[in-house]
Amino acid sequence: LMTFLTTISLALALWGVIPSCAWPQVLVRNSFRIFALHGMVLFVLPFPFKACGLWTRVFDWPVVVPIWVITVVTSIVVAELLRYFAPKASAVVFGGR
């Protein structure tokens with residue numbers, strides 16, 4: 001019951017935070033690509049953070065926010081590069097979306 005109530009509360013809070021104005025076109029156009037690529041980015045991301053000695057602080061706010069930004073931006077860059085340089089491969093990988 002507590003998990004259900006927490007999930008509902010979090011969903012309502014998130015719904016209230018999301019702006020109702022138009023989102024940037026680069027996010028809208030690449031939303032599925034971000035979803036499809038973010039797992040691969042998060043798989044590779046620990047390597048540079050471990051090299052810099054920041055991985056032990058991965059749940060501190062000064063480190064979490066850059067991880068989120070790096071993940072989204074890297075996913076968008078990879079998606080746009082794949083779309084530009086290999087449009088047929090991009091259509092196969094992302095299902096023509």
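1. In this predicted model, V73 is partly exposed, since its relative accessible area of 44% lies between the limits of under 20% for buried and over 50% for exposed residues. V73 is placed in helix α5, the element that covers residues 61–85.

2. V73 also belongs to a nonpolar surface patch of about 870 Å², which is made by V65, W68, V69, V73, V77, L81, Y84 and F85. The value of 44% for V73 is in keeping with this membership, because patches are made of residues with over 30% relative accessible area and no salt bridge.

3. Turning to the aromatic residues, the structure holds two aromatic pairs. F32 and F35 form a pair that is tilted, with 6.2 Å from centre to centre and 45 degrees between the planes. These two residues, F32 and F35, are three residues apart in helix α3 (residues 31–44), so that about one helical turn separates them.

4. As for how open the members of this tilted pair are, F32 is partly exposed, with a relative accessible area of 30%, whereas F35 is exposed, with a relative accessible area of 58%.

5. Y84 and F85 also form an aromatic pair, which is edge-to-face, with 4.9 Å from centre to centre and 85 degrees between the planes. The pair counts as edge-to-face because planes over 60 degrees apart are classed in that way.

6. Both members of this edge-to-face pair are among the residues that make the nonpolar patch. Y84 is exposed, with a relative accessible area of 66%, and F85 is likewise exposed, with a relative accessible area of 62%.

Conventions. Residues are numbered from 1 along each chain as its sequence is written. This is a predicted model: local features need pLDDT of at least 70, side-chain atom pairs count only at pLDDT 80 or more; totals for chains, interfaces and linings use all residues. Side-chain values use heavy atoms; hydrogens and water are left out. Patches are made of residues with over 30% relative accessible area and no salt bridge: like charges are joined within 9 Å, nonpolar side chains (Val, Leu, Ile, Met, Phe, Trp, Tyr) within 5 Å. Accessible areas come from the Shrake-Rupley method with a 1.4 Å probe; for residues, only the protein chains shown count as cover. A salt bridge is a side-chain nitrogen of Lys or Arg within 4 Å of a carboxyl oxygen of Asp or Glu. Helices (H or I, at least four residues) and strands (E, at least two) are DSSP runs, numbered from the N terminus. Buried means under 20% relative accessible area, exposed over 50%, partly exposed in between (1.4 Å probe, protein chains only). Rings of Phe, Tyr and Trp (its six-membered ring) pair if their centres lie within 6.5 Å; planes under 30 degrees apart count as stacked, over 60 as edge-to-face and the rest as tilted.
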